[in-house]
Amino acid sequence: MTTPLLSVDGLSKEFPVAGDNWLAPRQTLRAVQSVSFELGSRQTLGLVGESGCGKSTTGRLILQLIEPTAGTVRFNGRDLATMPREELRQLRSSMQIIFQDPQASLNPRHRVEELILEPLYAQGEKPSAKLTNYAGELLDKVGLSRRHLTRFPHEFSGGQRQRIGIARAIASKPQLIVCDEAVSALDVSVQAQVINLLQDLQDELGLSYLFIGHDLAVVRHIADTMAIMYLGRIVEMAPKREFYALPMHPYSQALLGSVPVSHPSKRHARKRLEGEIPSPLNPPTGCHFHPRCRFARDICKVQVPQLRSVTPTRQAACHFAEEIAAGEGLTTGAS
Amino acid sequence: MTAAPLLSVRDLTVSFNTRFTAVREASFDVHPGELVGVVGESGSGKSVSALAVMGLLPPTAKVTGSIHFEGRDLLTLSRRELRKLRGRDIGIIFQEPMTSLNPVFTIGDQITEAVRVHDPMSRKAAWDRATELLEKVGVPAPRRRLQDYPHQLSGGLRQRVMIAIALSSSPKLLIADEPTTALDVTIQAQLLDLLNQLRQDFGTAILLITHNMGVMAEVADRVVVMYASRIVEEATIFDLFDRPQHPYTSGLLGSTPELDGEAHRLRTIAGAMPNPAELPPGCLFAPRCPRAIPACLDMQPPLLPISPAQSAACILAPGLVAEGAR
């Protein structure tokens with residue numbers, strides 16, 4: 001078997017948080033708990049969940065922007081945590097990130113050329129006519145033009161700024177790009193343009209994406225594999241087609257059921273997920289999802305369900321995944 | 001619908017200075033009990049239209065046209081009269097409930113204040129009414145929640161509190177400006193259900209502003225589509241999805257990611273929204289329109305009816321072709 005491009009194993013991150021008042025003890029926020037997955041070359045993993053589920057933290061852990069509490073991240077088979085600093089710095093050109101808010105991630109005092117070439121300067125390259133030309137090529141590639149090179153970020157619309165962010169991400173010829181809610185802030189018509197652009201670039205440059213998002217309809221258009229997170233844990237992982245045909249975890253089902261319909265004729269009284277996401281500071285015992293789960297039984301309150309293979313291609317972290325998938329749980333659990 | 005509209009907006013134009021016009025000649029109606037959606041992207045003028053109806057535009061805004069609510073033109077009312085109407089007959093919900101709630105007062109203080117402004121009653125009675133309202137909008141343990149400050153609530157709960165305040169005077173019209181945009185999708189779904197339920201229980205008409213076609217598909221009866229300050233199409237929700245007449249509407253529907261069917265490549269609308277300070281001549285959508293013909297650059301097509309329930313502002317829309325060619 002070939003080594004996957006990215007291999008994440010048991011990744012965890014805990015943040016210390018001050019107590020409610022100065023007398024209260026410090027608390028621990030377990031933002032990411034034992035996350036494991038692999039991402040192959042030219043593949044896209046869609047990492048989906050709601051606010052506070054740990055999806056963005058996972059992305060930052062993978063890029064070593066923050067230090068994991070436990071677990072390993074291997075890139076081309078090499079453990080990033082044990083890698084010498086200098087080597088890691090060089091490797092960074094192979095791993096890039098696109099942020100949600102291009103307004104906040106582009107320095108307003110830098111011209112587009114500087115912004116795009118920043119990752120190369122960070123690798124020790126010096127400004128040159130050749131690099132300027134390269135920056136122009138990158139702009140062409142993302143649907144802007146080289147006459148934009150001397151402009152400042154404020155002269156662009158949100159969609160154009162996101163294109164600049166993409167040009168910067170591909171400048172150092174990376175193999176992996178973490179797209180952290182990269183299209184979430186864009187208007188619908190612009191969002192579609194950027195999604196198509198990301199797909200074209202993937203084909204052309206052989207990129208792998210970790211596509212972090214909250215909108216299952218958007219992620220469906222770009223991901224090959226889906227991973228659903230809830231309160232720090234991956235609760236389900238499956239090939240895209242199988243996932244959308246039949247999500248196995250009750251939370252995935254609820255999440256999919258919450259996406260607005262595509263046509264008014266599909267309005268229906270759906271089983272809505274009740275209640276709110278519990279605080280990650282004080283998550284429920286056992287399965288984190290059990291207080292909101294309509295299939296929950298006693299075991300769910302005490303025993304954490306491990307992410308396990310339910311079929312050869314898919315994994316779910318639910319004690320009753322088989323039953324629910326078979327539709328049996330639909331009658332027994334709901335009563 | 002034959003009954004008189006509850007809200008009738010005619011030729012609404014809002015400009016902020018001589019150069020920048022946010023809304024141009026917008027006309028639409030909201031009937032009692034109806035949910036009308038206004039959909040558009042950033043800069044389309046949808047929120048400014050809503051603010052105009054609420055009477056909440058800054059004094060620098062120049063507003064022309066008319067906004068009739070139950071037969072009275074809101075634009076001719078004094079600030080005092082308008083204030084009375086707002087809150088009593090017109091409830092308002094904004095996108096970000098944290099900025100609409102006062103952080104230093106409890107939820108209970110704020111709801112009872114709203115209750116007592118329109119209906120003088122004892123503190124105790126107002127407190128009971130507040131509990132009842134929170135219960136109605138699905139806040140668990142309402143009596144305990146009344147003691148909480150806004151920061152102690154999640155985004156979804158805050159928005160429910162805002163809805164409770166808006167409902168405190170049993171308004172005839174609820175204006176909701178992107179009420180679910182800042183929320184997670186499971187919470188959005190809960191709130192859309194709540195809006196639907198409120199319509200059923202109280203017959204409240206709702207004017208819902210959103211950029212999300214999916215939200216429209218979930219709850220709207222009729223939709224007004226805005227593009228770069230103008231209404232380009234108005235239709236019942238089914239006509240809009242089945243037979244969109246304006247190319248912008250089709251484009252918007254095509255670029256919305258969906259859960260059904262093959263995960264095909266998304267259709268896009270080329271280009272970007274025009275700069276409001278340098279608008280193109282003729283039809284504002286022509287530079288991005290895949291169907292544009294030279295005649296499109298000559299004049300801005302007016303919003304004309306195609307059928308009794310659908311209008312479009314496009315010279316190529318069926319039934320308008322003849323007129324455009326003349």
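Helices here are DSSP runs of H or I with at least four residues, numbered from the N terminus. With that in hand, let's walk through this predicted model, starting in chain B.

Helix α1 of chain B covers residues 46-54, and nine of its nine residues are buried, so this helix is largely enclosed by the rest of the structure. The buried residues run B:K46, B:S47, B:V48, B:S49, B:A50, B:L51, B:A52, B:V53 and B:M54. Just after α1(B) comes B:G55, which has a positive phi, near 70 degrees.

Now to the place where the two chains meet. Here 33 residues of chain A are in contact with 37 residues of chain B. On the chain B side, five helices each supply at least two residues, and they are listed here:

| Helix of chain B | Residues |
|---|---|
| α7 | 155-167 |
| α8 | 185-202 |
| α9 | 213-219 |
| α10 | 237-242 |
| α11 | 247-255 |

Of these, α8(B) gives the largest share, seven residues. By class, the side of chain B that touches chain A has 16 nonpolar, 13 polar and eight charged residues.

Chain A offers a helix pair to look at. Helix α6 (residues 158-171) and helix α7 (residues 188-205) of chain A pack with their axes 10 Å apart, at an angle of about 15 degrees. Angles under 35 degrees count as roughly parallel, so α6(A) is roughly parallel to α7(A). Their crossing is right-handed. From α6(A), the residues A:G158, A:G159, A:Q162, A:I166 and A:I170 meet A:V190, A:Q193, A:V194, A:L197, A:L201 and A:L205 of α7(A). This contact has seven nonpolar and four polar residues, with no charged ones.

Definitions and conventions. Residues are numbered from 1 along each chain as its sequence is written. Chains are lettered from A and ligands numbered from 1 in the order in which they are written. This is a predicted model: local features need pLDDT of at least 70, side-chain atom pairs count only at pLDDT 80 or more; totals for chains, interfaces and linings use all residues. Two residues are in contact if their C-beta atoms, placed from the backbone, lie within 7 Å. Ala, Val, Leu, Ile, Met, Phe, Trp, Tyr, Cys and Pro count as nonpolar, Asp, Glu, Lys and Arg as charged, and the others, Gly among them, as polar. A residue is buried if 20 or more other C-beta atoms lie within 10 Å of its own, exposed if 12 or fewer, and partly exposed in between; C-beta atoms are placed from the backbone. Axes are lines fitted to C-alpha atoms, for helices over the stretch in contact, and angles run from 0 to 180 degrees between N-to-C directions. Angles under 35 degrees count as roughly parallel, over 145 as roughly antiparallel, 65 to 115 as roughly perpendicular and the rest as oblique. A crossing is left-handed if the near helix is turned anticlockwise from the far one by less than a right angle, and right-handed if clockwise.
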